[in-house]
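User: I am new to reading protein models and would like a close look at a single part, the disulfide, followed by what surrounds it. Please take me through it slowly.

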Amino acid sequence: QVQLVESGGGLVQAGGSLRLSCAASGRTFSSYGSGWFRQAPGKEREFVATINWSGRSTYYADSVKGRFTISRDNAKNTVYLQMNSLKPEDTAVYYCAAKWSVQSSAGLTTTHEYDYWGQGTQVTVSS
């Protein structure tokens, strides 16, 4: 079992930045692929970014490419999402997810591929 706890959400003005953290416990996190998803009110949960177990491969949704950066520190069992140039449409609850995977490429982009989820952290971007 892996437990995931997100933090770092909050209220920010458009154009601002936030860094989300996802702290993992329970297993050797360095063997897990990880991802960030988000869910706005009345919408389905959508893919944001994913990173492979080593951190050498990442993949982003088109809507955040060039503005968001996913990274990880396996020594700290933590995955990060740096969000810059935030827009009101980025407002959502952001969820961290993990799946045991030692693939060299970051290809986990759908919700059903992940086994573990955090409780979510709210990000609100005001215009």
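Analyst: The torsion about the S-S bond of C22 and C96 is about -80°, and the disulfide is therefore left-handed. This is a predicted model, and in it the sulfur atoms of C22 and C96 lie 2.1 Å apart, which places the pair within the 2.5 Å cut-off that defines a disulfide. Counted by that rule, there is one disulfide. The two cysteines come from distant parts of the chain, since C22 belongs to strand β3 (residues 18–25) while C96 belongs to strand β9 (residues 92–100), with their positions 74 residues apart in sequence.

Is each end of this bond buried or exposed? C22 has a relative accessibility of 0% and so counts as buried, and C96, whose relative accessible area is also 0%, is buried as well. The word "buried" is used here because the value falls under 20%.

One residue that touches C22 is T78, which lies in strand β8 (residues 78–83). Leaving aside residues up to four places away in sequence, T78 touches S21, C22, A23, F29, S71, R72 and D73. With a relative accessible area of 9%, T78 is buried, and its side chain reaches the backbone oxygen of K76 at 2.8 Å.

From the disulfide we can turn to the charged side chains, which offer another way of linking parts of the chain. Side chains of opposite charge can pair when their charged atoms come close. The structure holds five salt bridges, and one of them joins D90 to R38, with the closest N and O atoms 2.9 Å apart. Because D90 lies in the loop between β8 and β9 whereas R38 lies in strand β4 (residues 32–39), this pair ties together parts that are 52 residues apart in sequence. D90 has a relative accessibility of 0% and counts as buried, and R38, at 6%, counts as buried too.

D90 also forms a salt bridge with R67, and here the closest N and O atoms are 2.8 Å apart. This second pair again links distant parts of the chain, with R67 in the loop between β6 and β7 (68–73), D90 in the loop between β8 and β9, and 23 residues separating them in sequence. Both R67 and D90 are buried.

A further salt bridge involves strand β9, the strand that holds C96: the side chains of K99 and D115 meet at 3.9 Å, taken from N to O. K99 is in strand β9 and D115 is in the loop between β9 and β10 (116–117), so that the pair connects positions 16 residues apart. K99 is partly exposed, with a relative accessible area of 26%, and D115 is likewise partly exposed, with a value of 47%. Taking the salt bridges that share partners, R38, E46, R67 and D90 are joined into one network.

Finally, we can look at the surface, where W53, W100 and V102 form a nonpolar patch with about 320 Å² of accessible area together. Within this patch, W53 is found in the loop between β5 (46–51) and β6 (58–60), and with a relative accessible area of 32% it is partly exposed. W100 falls at the end of the residue range given for strand β9 (residues 92–100), the strand that also contains C96.

Definitions and conventions
Residues numbered from 1 in each chain as written. Predicted model: local features only at pLDDT ≥ 70, side-chain atom pairs only at ≥ 80, totals over all residues. Heavy atoms only, no water. Patch = residues over 30% accessible without salt bridge, like charges linked within 9 Å, V, L, I, M, F, W, Y side chains within 5 Å. Areas by Shrake-Rupley, 256 points an atom, 1.4 Å probe, with all protein chains shown as cover. Salt bridge = Lys/Arg side-chain N within 4 Å of Asp/Glu carboxyl O. Helix = DSSP H or I, 4+ residues; strand = E, 2+ residues; numbered from the N terminus. Buried < 20%, exposed > 50% of the residue type's maximum accessible area, 1.4 Å probe, protein only. Polar contact = N/O pair within 3.5 Å; in protein donor to acceptor, adjacent residues only side chain to side chain. Contact = heavy atoms within 4.5 Å.
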